[in-house]
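Dear colleague,

Here is the structure we talked about handing over, and below it I have set out what was found. Please read the notes with the model open beside you.

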Amino acid sequence: MFRYLLKLSITSCCLLITSVVAHAQKGDSKKDSVKVQPQTYLQLYYSLTNTAGTLAGKSNLSLEAGKQWDVFSLGIDIGKTTLEPAHGRDTSIYLEIRPNLNVFQQGRFTNTITVGVGYVFAAQNNFLTELTSGIEYSATERLHLNVNFGQFYYSGRTTAFSNTFFGLSASYYFKPFRNRSSIFKPRG
């Protein structure tokens, strides 16, 4: 079942990327044509969930690698759902695909929406989905800081649960990233 959902997710993401890139490259005329160069990034992400327990138990840490095309980015995220030491088999390591959309931009600030689908290895509730909204600040052309909040959904064969979270992240772009756009343009 997981393999089928993973293949379906990857296929959907590939179709969406192809559509976004084709739309971004298409202009009203040859003169208006814009060629979008993808930007590669790494993102370090820390968040706290609203679960009971110690600070380490509520902490999540992950590293994401991905590409940004104009208003759309796609990353692969590997992380831990808790930093609490594992006694026995570690059921906190996950792998997730995270598409992200820049919805609105004003100056150096961008409002983002991220959805994700992933797998938590060796866990009873191993299917992971995510819905996140954030405010990103472009500190420099290569360093972007993000404050976000959202919800993780975990489900298995017989049980399911969800957690809300608050997170902070820092993204590093390997090339300067100047002209970020958004779906909605501010009136000027």
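Two strands are taken to pair if DSSP finds at least two bridges between them, and the strands themselves are DSSP runs numbered from the N terminus. With that in mind, and remembering that this is a predicted model, you can start from one such bridge, in which Asp77 has Glu96 in strand 4 as its partner. It belongs to the pairing of strand 3 with strand 4, two strands that run antiparallel and are joined by nine bridges.

The overall arrangement is a barrel, closed by eight strands in the order 1-2-3-4-5-6-7-8 with antiparallel pairing. On average, and with direction ignored, neighbouring strands of this sheet are turned by 25 degrees against each other.

Strand 7, residues 143–155, is a good place to look at the pairing in detail. On one side, strand 6 (residues 127–138) pairs with strand 7 in the antiparallel sense over twelve bridges, with Ser133 standing opposite Phe149 of strand 7, and a hairpin of four residues joins strand 6 to strand 7. Strand 7 is also joined to strand 8 (residues 160–173) by 13 bridges, again antiparallel; here Tyr153 stands opposite Ser162 in strand 8, and a hairpin leads from strand 7 to strand 8 through four residues.

In a regular strand the side chains alternate between the two faces of the sheet. In strand 7 the covered face consists of His144, Asn146, Asn148, Gly150, Phe152 and Tyr154, while the uncovered face holds Leu143, Leu145, Val147, Phe149, Gln151, Tyr153 and Ser155.

Two residues of that covered face, Phe152 and Tyr154, also belong to the largest nonpolar core, which has eight residues in all and further includes Tyr45, Tyr94, Val120, Ala123, Leu128 and Phe165. Leaving aside its neighbours within four places in sequence, Phe152 is in contact with several residues, among them Leu128, Phe165, Glu130 and Asn60.

Asn60 lies in strand 2, residues 59–69, and it counts as buried because its relative accessibility is 4%, where the cut-off is under 20%. Not counting residues up to four places away in sequence, Asn60 touches Phe152 and also, for example, Tyr45, Ser47, Lys80 and Thr82.

Which residues are linked in a network of salt bridges? They are Glu64, Glu96, Arg98 and Glu130, and the structure holds four salt bridges. Within the network, the side chains of Glu130 and Arg98 meet at 2.9 Å, N to O. Glu130 lies in strand 6 and Arg98 in strand 4, so this pair ties together parts that are 32 residues apart in sequence. Arg98 also forms a salt bridge with Glu96, where the closest N and O atoms are 4.0 Å apart. Both Glu130 and Arg98 are buried, and Glu96 is buried as well.

A further salt bridge joins Asp90 and Lys80, whose closest N and O atoms are 2.7 Å apart. This pair links distant parts of the chain, since Asp90 sits in the loop between strand 3 (72–80) and strand 4 (93–106) and Lys80 in strand 3, ten residues apart. Asp90 counts as partly exposed because its relative accessibility is 27%, and Lys80, at 24%, counts as partly exposed too.

With best regards

Key
Residues numbered from 1 in each chain as written. Predicted model: local features only at pLDDT ≥ 70, side-chain atom pairs only at ≥ 80, totals over all residues. Heavy atoms only, no water. Core = buried A, V, L, I, M, F, W, Y, C linked by side-chain atoms within 4.5 Å. Buried < 20%, exposed > 50% of the residue type's maximum accessible area, 1.4 Å probe, protein only. Contact = heavy atoms within 4.5 Å. Axes fitted to C-alpha atoms, helices over the stretch in contact; angles between N-to-C directions.
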